[in-house]
Amino acid sequence: MPKKNKTLGEFIIENQSSFQYSSGELSKLINAIRLAAKVVNHEVNKAGLVDILGAAGDTNIQGEDQQKLDVMANDKFIQTLKNREIVCGIASEEEDDFISINSSDDRNQNKYVVLIDPLDGSSNIDVNVSVGTIFSIYRRITPVGSPVEMKDFLQKGSEQVAAGYVVYGTSTMLVYSTGAGVNGFTLNPALGTFYLSHPNMEFPEDGKIYSVNEGNYVHFLQGVKDYIKYCQKEEGDRPYTSRYIGSLVSDFHRNMIKGGIYMYPKSSIAENGKLRLLYECNPMAYLAEQANGVATDGFRRILDIEPTELHQRVPFFCGSKNMVNKLHEFMAKNA
Ligand code: AHG
Ligand code: MN
Ligand code: MN
């Protein structure tokens, strides 16, 4: 049981030996992410003061407008991971293709690949509402020392060795798991140090919050519509409360602490929903399961899905066990 008032640095060192393939490499990688998170935090915090709000003028591979902070966060994370020569490959929501990383002696001995959503919740940037960063880490499949290939990135979520997110909120937190539960660290901005503030985070088994973009209601499958009506019904501990920030990281973070379900269903206007399997759903599903929660596409466990492309989208339902299971009942009855 981790104790409080420990810094992230201390926590990483203490827990290094419990990693399955402990060689210190994963610890160094988490350290690099910690540094990148601080840099991005610094930029996000001064967003209103300098000219980094608004659209960058480009669209990403998925046809979405890139915000200046999307581009900045992407650059900072990639730069930090490259500079530290700590991974052999990176895939990002903001990049068309994966990036292969060579070390200075041209023989990259690193084992890990990282997949990132550098800035999650872009639509909230200009209005001073919480945004985040999501990361997912795998051991490469191809031999160490050779260039990375697509198959190193297209691994099932169950193969993740670590995943986490940073939430740039009223305070900045880094929340991650290396497969032994989920721990949350809060940044002390004066010292630039993350402290263990939320040891062993877990979703309550029941919850009273449902989070969904109800503007899309008419386009949802009947099973989802029925579940939403169930949430609104006055009976027992219902009606539930609706809370939707529009930034997955923040909605997930709140629901994990308070108990709730997050839903981004497929609809008649988005056949696989909106969220990306590799950069958003897999890491969040890994964290959810590590925190006693559930994550599915309405029918299948997210972590069991075999990815076929980098920017693949998937419907996403995630949160407190009993809530997600209740949703499944409605989905099974009326998909
Ligand atoms: P991103 O900013 O990385 O593109 O992700 C935004 C995602 C997710 O964070 C959020 O939950 C969802 O999009 C909101 O979508 P809607 O605006 O369609 O509700
Ligand atoms: Mn996102
Ligand atoms: Mn993003």
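Hi everyone. I'll start with a side chain: N255 reaches the backbone oxygen of I261 with its side chain, at 3.5 Å. Keep in mind throughout that this is a predicted model. N255 belongs to helix 6, which runs over residues 248–258. Is N255 buried or exposed? Its relative accessibility is 1%, so N255 counts as buried. Setting aside neighbours within four places in sequence, the residues in contact with N255 are F203, P204, I209, S211, G260, I261 and Y262. I261, whose backbone oxygen the N255 side chain reaches, is therefore on that contact list as well.

Y262 is a good bridge to the next topic, the ligand. Y262 touches N255, and Y262 is also among the closest residues to ligand 1. How many residues surround ligand 1? There are 17, and the closest are D120, N213, Y244, Y262 and Y264.

Let's go through the polar contacts there. The side chain of D120 has an N or O atom 2.6 Å from an oxygen atom of ligand 1. For N213, a polar side-chain atom sits 2.8 Å from a ligand 1 oxygen. And for Y264, the distance from a polar side-chain atom to an oxygen atom of ligand 1 is 2.5 Å. On its own, ligand 1 would expose 470 Å², and the protein buries 87% of that.

Which elements give two or more residues to this shell? They are strand 5, residues 112–120, and strand 13, residues 260–264. Strand 5 gives the most, with three residues. By character, the shell residues split into six nonpolar, five polar and six charged.

Now, D120 deserves a second look, as it takes us to the metals. D120 is one of the protein donors of the manganese ion we call ligand 2, through an OD atom. The other donors of ligand 2 are D117, also through OD, and E280, through OE, and the donors lie 1.8 to 2.2 Å from the ion. If you like to search by pattern, the spacing of these donor residues in sequence is D-x2-D-x159-E.

There is another manganese ion, ligand 3. What are its protein donors? They are E93 (OE), D117 (OD) and L119, which uses its O atom, at 2.2 to 2.3 Å from the ion. The spacing of those donor residues reads E-x23-D-x1-L.

You may have noticed D117 turning up at both ions. D117 bridges ligand 2 and ligand 3, and the two manganese ions lie 3.7 Å apart. As for accessibility, D117 and L119 are both buried, and D120 is buried too.

To finish, let me take you to T172. T172 lies in strand 8, residues 172–177. Its relative accessibility is 6%, so T172 counts as buried. Which side chain makes a polar contact with that of T172? It is the side chain of N41, and the contact is 2.5 Å. Leaving out residues up to four places away in sequence, T172 touches N41, V166, V167, F185, T186, L187 and F194.

So here is the short recap for your notes. N255, in helix 6, reaches the backbone oxygen of I261. D120 contacts an oxygen of ligand 1 at 2.6 Å and is also a donor to the manganese ion, ligand 2. D117 coordinates both manganese ions. And T172 pairs with N41 through a polar contact between side chains. Thanks for listening!

Methods:
Residues are numbered from 1 along each chain as its sequence is written. Chains are lettered from A and ligands numbered from 1 in the order in which they are written. This is a predicted model: local features need pLDDT of at least 70, side-chain atom pairs count only at pLDDT 80 or more; totals for chains, interfaces and linings use all residues. Side-chain values use heavy atoms; hydrogens and water are left out. A residue is near a molecule or strand if one of its heavy atoms lies within 4 Å of it. A polar contact is a pair of N or O atoms within 3.5 Å; within protein, one must be able to donate a hydrogen and the other to accept it, and residues adjacent in sequence count only if both atoms are side-chain atoms. Accessible areas come from the Shrake-Rupley method with a 1.4 Å probe; for residues, only the protein chains shown count as cover. Helices (H or I, at least four residues) and strands (E, at least two) are DSSP runs, numbered from the N terminus. Ala, Val, Leu, Ile, Met, Phe, Trp, Tyr, Cys and Pro count as nonpolar, Asp, Glu, Lys and Arg as charged, and the others, Gly among them, as polar. Donors are N, O and S atoms within 2.8 Å of the metal (3.2 Å for Na, K and Ca); water is not among the atoms, so sites may look incomplete. Buried means under 20% relative accessible area, exposed over 50%, partly exposed in between (1.4 Å probe, protein chains only). Contact means heavy atoms within 4.5 Å.
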